[in-house]
Amino acid sequence: MENGTLTKKQVLLYYCVEMEDVARKIASDSDCIHLHSINWRSFDDGFPNLFINKAHNIRGQHVAFLASFSSPAVIFEQLSVIFALPRLFVASFTLVLPFFPTGSFERMEEEGDVATAFTMARILSNIPISRGGPTSVVVYDIHALQERFYFGDQVLPLFETGIPLLKQRLQQLPESEKIVIAFPDDGAWKRFYKQLGHYPAVICTKVREDDKRIVRLKEGDPAGCHVVIVDDLVQSGGTLIECQKVLAAHGAAKVSAYVTHGVFPKRSWEQFLHKNDGSEKTFTYFWITDSCPVTVKAIANKAPFEVISLAGSIADALQT
């Protein structure tokens, strides 16, 4: 304590290759965070040949690692570093994994299904403790809230959200008084409605007709408003597109979307791009965070996409 205020801790932040841009933003947002690097090399057989720079200097320091598990190919090398850092006599260790990638595979629908979200949580639960105690694991908008219970007692999961950043962005819009929040299903509503409660809400639902799942308007009135669809992540984008059609059919003046995690496998973001042929723009804005850096690079400067950075939020979380 100094003059009655709590002094901020100095944090040494290591990062994977994909997250270098985000790491630099975090360090520029806070003079308490100092970047340290890792030599990411491979042996001839393809397996990692890794070196943690300044390993002697991090003894007794608060250390963090910024990870991106964007594909199975990059997970092993990062896990190798994540399991090594706490054993270097550090004062504390924090893993920042903004996007928990297997989150949507959290349940078994028939015997034989493998819930890989549980597997990932078990792996991370076995990160060694440091001198300061269990590892903190920071995750943003995990897909299913019950997944917090998949983690063992050896780690301390810290669940953060990108919604406050969305609210800041919405307040900058000129027509903010006519904003309505749309939830693509009941799950998204249960998840986010309390954080967005001061906005009017529209809830969509999926119903089965013959062999198809059709999106319908369940409650709320989007007529004449700028409707923002909110969800935790997007994959193919099919649900968002169907939601937009329903909202437009019910009189929405504009439709935008926010997801914390823009996964977009197989470049599925391309279907959302504004075309220069004078055709109607289905989405006015499409906001994502920088939790999925591969997507961020792909959609840079492409309307309607806008990236809202988690950097400031992560810098705050590292002080927890």
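**Exercise 1. The lining of the largest cavity**

Task: Work out how the lining of the largest cavity in this predicted model divides by class, and which element gives the most residues to that lining.

Solution: Begin with the residues themselves, since the largest cavity is lined by Lys-9, Val-11, His-62, Val-63, Ala-64, Ser-92, Thr-94 and Leu-318. Sorted by class, this lining has four nonpolar, three polar and one charged residues. Next, place the residues in the secondary structure: β5 and β6 (92–96) are the elements that give two or more residues to the lining, and β5 gives the most, with three residues. Finally, consider the volume of the largest cavity, which is about 30 Å³, and note that the count of cavities of 30 Å³ or more comes to one.

**Exercise 2. One face of a helix**

Task: Find which residues of helix α1 (residues 20–29) are buried, and explain why they line one face of the helix.

Solution: The first step is to list the buried residues of α1, which are Val-22, Ala-23 and Ile-26. Seen down the axis of α1, these buried residues fall within an arc of 100°, and therefore they line one face of the helix. A general rule helps here: an α-helix has 3.6 residues a turn, so residues three or four places apart point the same way. The last step is to ask what lies against the buried residues of α1, and they pack against β1 (11–15), β2 (33–35), β5 (62–66) and α8 (311–317).

Now repeat the reasoning for helix α4 (residues 163–171), where Ile-163, Leu-165, Leu-166, Arg-169 and Leu-170 are buried. Down the axis of α4 the buried residues fall within an arc of 155°, so they too line one face of their helix. Their cover includes β9 (179–183), α5 (186–192) and β12 (226–234).

**Exercise 3. Is Ile-299 buried or exposed?**

Task: Decide this from the relative accessibility of Ile-299, and then describe its surroundings.

Solution: Start by locating Ile-299, which has its place in helix α7 (residues 293–299). Because its relative accessibility is 2%, and buried means under 20%, Ile-299 counts as buried. Leaving aside neighbours within four places in sequence, Ile-299 is in contact with Trp-269, Ile-288, Phe-305 and Val-307.

**Exercise 4. The nonpolar cores**

Task: Name the residues that touch the most other members of the largest nonpolar core.

Solution: The largest nonpolar core has 68 residues, and those touching the most other members are Phe-65, Leu-66, Leu-95, Phe-100 and Leu-124. Among the elements, β1 gives the most to this core, with five residues. Another core, of 26 residues, lies apart from it and includes Ala-182, Val-202, Ile-229 and Ala-257.

Definitions and conventions: Residues are numbered from 1 along each chain as its sequence is written. This is a predicted model: local features need pLDDT of at least 70, side-chain atom pairs count only at pLDDT 80 or more; totals for chains, interfaces and linings use all residues. Side-chain values use heavy atoms; hydrogens and water are left out. Buried means under 20% relative accessible area, exposed over 50%, partly exposed in between (1.4 Å probe, protein chains only). Helices (H or I, at least four residues) and strands (E, at least two) are DSSP runs, numbered from the N terminus. The arc is that of the directions from the helix axis to the C-beta atoms. Contact means heavy atoms within 4.5 Å. A nonpolar core is a set of buried Ala, Val, Leu, Ile, Met, Phe, Trp, Tyr and Cys residues joined through side-chain atoms within 4.5 Å. On a 1 Å grid over the protein atoms alone, a cavity is a set of points where a 1.4 Å probe fits but cannot get out, and a pocket is an open set with protein on both sides within 12 Å along at least five of seven lines; lining residues have an atom within 4 Å of a point. Grid points are joined across faces, edges and corners, and a volume is the space filled by probe spheres set on the points. Ala, Val, Leu, Ile, Met, Phe, Trp, Tyr, Cys and Pro count as nonpolar, Asp, Glu, Lys and Arg as charged, and the others, Gly among them, as polar.
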